[in-house]
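This report looks at a few local features of one protein model, moving from two buried side chains to a strand and its partners.

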Amino acid sequence: MEHDPQAHALGFRDRRADALGDLRVLPDETVCAILEFLTPRDVARLACVSSVMYILCNEEPLWMILCLRRLNGPLQYKGSWKKTAMYLELLPNEYEEPCKKPLHFDGFNSLFLYRRLYRSHTTLYGFSFDDSTVERKKDLSLEEFYHQYEAKKPVLVTGLADTWTARHAWTTDQLLLNYGDTAFKISQKSSRKILMKFKDYVSYMKLQHDEDPLYIFDDKFGEVAPGLLKDYSVPHLFQEDFFDVLDRDERPPFRWLIIGPERSGASWHVDPALTSAWNTLLCGRKRWALYPPGRVPLGVTVHVNEEDGDVNVETPSSLQWWLDFYPLLADEDKPIECTQLPGETIFVPSGWWHCVLNLETTIAVTQNFVNSKNFEFVCLDMAPGFHHKGVCRAGLLAFGEGSFEDADKNIFSDEHNFNYSELTRKEKRVRIQKPGDEPNFEGTGTRASERYNMWKQGFSYDINFLAMFLDKERDHYNSPWSLGNCMGQREMREWLSKLWVGKPGMRELIWKGACLALNADKWLECLVEICAFHDLPSPTDDDRLPVGMGSNPVYLMEDHVIKIFVEGGLEASIYGLGTELEFYSLLCKANSPLKKFIPDVLASGILYLENGSYTVVPWDGKGVPDVIAKSNLIPEKCKEDGYPFGLRSKKQFEYRKAGMPIHESISSAGCTGIWPYIVTKRCKGNIFAHVRDKLSREDTLSLASFLGEQLRNLHLLPLPPLNHSKISDTEQHLELPYSDRRMEVVPNKSNIQAELEIFIRTLMKMKKDVSIRLSKWGDPIPNTLIEKVDEYIPDDFAKLLNIFEDENDLYKVWKPCSWIHSDIMDDNIFMESSSVNLHSSENAEGAGLVDDGSNGHDDGLKGKSWCPSHILDFSNLSLGDPISDLIPIYLDVFRGDPSLLKHFLKSYKLPFRRMPQHESVEGGDKFGRLSYLAMCYCILHDDNILGAIFGIWKELRTAKSWEEVELKVWGELNNYKGFP
C-alpha cells in the first residue's frame, strides 16, 4: 500500500496494517500473487477475514485466473469472473445475491490496484495516431518483395485480400450467424486448452472489462470451421512453404484465426522456430511495434533453459507495455511501429520481435511459413543446446550478467572469437519495471541507449554468425528436446527426410539445414567409413541424409540398412547393440518362429575417432573390444567373455540410470567419439506408418493377429542364463529367474523383497516426480487428474506386483518377466503387398532392418492388399513385464481400437499376470485388475503416453478420476484370461 499523507490529514484511518497483520510487509502485488494459489472456496473464506482481504479477494483478475485454472469444458462467461467461478463451483443460486452488493471501505488505497483498474477501463482510440515507420506498399511484385523485404524488414502490403470472400464476410455479425455454436480455442496465459462457443465469446466481449481480455487464437479453426478456409487464400508473396511436404496432421501449427476486443493483443514475442509470418486484418485496427532480431524490448526478460534450450519470455501485457514502458523510450530506442487497417497485410520476417495491441474489436488471419530464406534459421533454432537460442533472441546481451561495459569489452576484444561458453542459463535482458515503481526516465533512457549501441556494434542476424554459438558438444540424437519447439525430434527428422526426397533441386540448402539441426555432416563421415570397411557401395546423393523416424541415425542404402547407435550416449548404445546381438543369437539357437520375421544381420562393429582418424572394429557382441575397455564408462565387471553387454547387464544399467537427472546423462553421453553400428539387409515394401490408410479392414485384422503371434513368440523366448559372477551378492537377490511365467513359491517374504527391491525402487523413483512431469507436459492432460495422480499410483508397489500369502503361509509372486521389444509402433512394422508370399522363410530371411522411413516402392499401390512381413528395430529390447509391450501397440498401431486389441489377444494366447480366483489383495480389488496395471505403466512411462491417450479419447479430458480413464482405455484387458 502506498502511504497517502492527504488521507491521513483528512482523518481517514489507514486500515492496511491492522487488516493484513504480518502480511502488511508485502507489496500488494505480492499478496495478490499469493492468492492465485488458493482455491475459489478458500479465497471466498479469506475475504471474510478483514476489510483489506475482502478488497483483494474480490479483484476480478484474481477470479479470472482461478476460474480458468479450474475450467473443464467450454467456457461460458456469466457477467463477471467471480460469478463464472461460482457457477463452475455449482453453488446454489442464493449465493449470487451477496455478490450484487459489494462492501466499500475507506482508509485503503493501492497504486497497484488503481493502475490495473485503469488498464481495464481505458479506451484506445488515440493510440492510432502514430508516425508509421513501417513502409506501405501496393501491388508489390514477388521479385521486389524478395529483393527489398524478405528476411530484411517488415512491410505493410495493401490489396492482397481485395478478392477474398473474408474481406466482407468476416465480421462479428456474419461469423455469429454462421459459426455461433462453433467452439474456438482461446489464447490466455495458461497451460490448459480453453474453448468458447463463438456466441458466448461475442457476449463476453460486450460485457468484459479485463485488462488483458481473452483472445481467440485458434490454430484448428480450419478443422472446426472448414468453410472459413474457403474465404481466403495464401497471398502470392508467401506461397513457398517447406512445411507443405508434410500431411496436414503432421505439420506443426501454422495458421490461426485471431479475434479480440479492444485492449486485447499479443505481448512481445518472436515467432516459433524463427519462422516468418504474414497477418491480414479483415476488421478493426491493430497497432504494431517491432524490433529487429536480437534487440529485446524494454521490460522483457528472456530465459533460456540450459538443459533443453526451452525459451521462456517474461513480458508485460501488450496494453501494459504501451502504457508503462513505451513512454520511457528515447526516440532512438523506439520500435518500428504502425497502425494496421482493414484489408492490409503485414509481413514479419524471421526473428523479429513484435507486439500487437487491438485498438477495437478485430478479426484477422495469420500464417507462419518456412521458405528458402529462413529455412536455415528454423533448423538452427531446433539444434540442441541453448547458447544459440539466447543469441538469436537477446543478441550479444545473452553474454554474462556483468555490466554492459564489461560485456562490450569481453565480446569485442576479438571480434572473430566469440566464447559461447560464457552464456548463462537464464539471461535477463533488463529488469522489468514494476507498475508500482517510480519510473526513472533519465536512467532508463541512458541504459536503453547503451543496450542499443551494444546491439548495433557487433550482432548480426546472419546464419554463419549465429552458428558460431552452437554447442558442439551437444548432439541431436542424445540431447533433451525442448517442449517449446514447434515439432518433435522424430517429426523434425521426418520433415528433413521428406524435403530431401521431395525437393531434389534444393538439396544444397537442405543439407546446410540438416548439418545445423542434425550434425548430418558428421554422420555422413561415419557412414562412409563403415561402407568402406565392409566393402559396401559408397553412399549416393540420395543416401546422404538419415531417414526420418527412429531414435538413431539410420541410412537406407540400395540393398542394406546401416544404423549408428547414438541415443543415450556410449554406454546406452553399447548395451543396445550388445543386447540386440545376444537376442539374434538366442533366436537362432531356440529356432524360434519369430526369426522368420526379423531382418538378417550382415555386420556389426564399433567405429571410433582417435587423433583425427576413424577406425572400425568388427564386434559380434561377445567379449569387450579394447576401445570399450579403455573407456571409463564401462564397469570393470563387464570385461569378460560371452555377452557382457547383453540383456542381464542392460537391465542393471537401466536400473542404475533410473531417476538420473537429464544433465548428468548428457554429460556422460557426450564424452566420447565411439559409435556402435549394425548393418542389415533392406526390406522390400514399406513401413506400416506410410501405408496405414491403404489397408482394408481385413488387412488390419490380419496385422493384429500377426502382432499377437509374434509377441507371443518373443515373450516365450528363453532368457539368457544368469551369470552370478557379473553381479554382487546383493544384486543376485534382485534377479528374477525365468520360470515359464507361472506362479513361483518362495520360502519367505523377505526373499521376495530382496528379489524385487530394485524394480520396486525404480518404480518409486518414477513416481516421485510424476506430478511434476505431467504438469510439464500439460495439455491435454487434465489438471484435475494431475492433482490426483499421487493417490492413484500405489505407495506399495509390492501390491502392484502381486505378492501374496497362500493358505500354507507361503508367499507367492506371479513371474511376468520376459524379453520385451518396448517400441512396436507404426514405424517398426514392415508391410508387403499381397502379391508376395510373405510367410515363406526364403522371403522373410532376406529382409533387412528399417526402423524408419520409406524406401519409395509404394507408389501406385493404393487399393492393393497389404500384409505384415517383419518387426523392426530391436535396439530397445529389455527385460520386463510383457503387458508393457501392449502400450505402443494399442495406442500407436491400433490407435485405441478395442476390436483390434481383442483380435491381438486371441492370437497372443498367453496369460498376463493375474490374481487367482480365491485370493484377494489388501487395499481393494484394483490390484487384481490388469487395466490398473497397464494404466500405472502409462502414467509412469518416460514418454508422454498420456498425451496420446487424451488425444485419442478426447472425451476423457473431462474425466473426474483416473479410474474412469483406466476403464475406458484398458477395460478390455479385464476380460482377458489368456490360454495357459
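## Two buried polar residues and an enclosed strand

Asp 333 is placed in the loop that lies between helix H14 (318–325) and strand S12 (336–340). The model is a predicted one, and in it Asp 333 has a relative accessible area of 2%, which lies under the 20% limit for a buried residue. Its side chain is engaged in a polar contact with the side chain of Arg 295, at 3.2 Å.

Arg 648 belongs to helix H25 (residues 647–657), and with 8% relative accessibility this residue is likewise counted as buried. In the case of Arg 648, a polar atom of the side chain lies 3.3 Å from the backbone oxygen of Pro 720.

Strand S8 (residues 276–283) has seven of its eight residues buried, and it is therefore largely enclosed by the rest of the structure. Two strands that pair with S8 are set out below, each with a bridge partner taken from the pairing.

| Partner of S8 | Sense | Bridges | Residue and its partner |
|---|---|---|---|
| S15 (residues 362–369) | antiparallel | seven | Leu 281 and Ala 364 |
| S13 (residues 344–348) | antiparallel | four | Trp 278 and Phe 347 |

Read along S8, the pairing with S15 thus includes Leu 281, whose bridge partner is Ala 364, while Trp 278 stands opposite Phe 347 in S13. For a reader who inspects the side chains along such an element, the side chains of a regular strand alternate between the two faces of the sheet.

Methods:
Residues numbered from 1 in each chain as written. Predicted model: local features only at pLDDT ≥ 70, side-chain atom pairs only at ≥ 80, totals over all residues. Heavy atoms only, no water. Buried < 20%, exposed > 50% of the residue type's maximum accessible area, 1.4 Å probe, protein only. Pairing = 2+ DSSP bridges. Polar contact = N/O pair within 3.5 Å; in protein donor to acceptor, adjacent residues only side chain to side chain.
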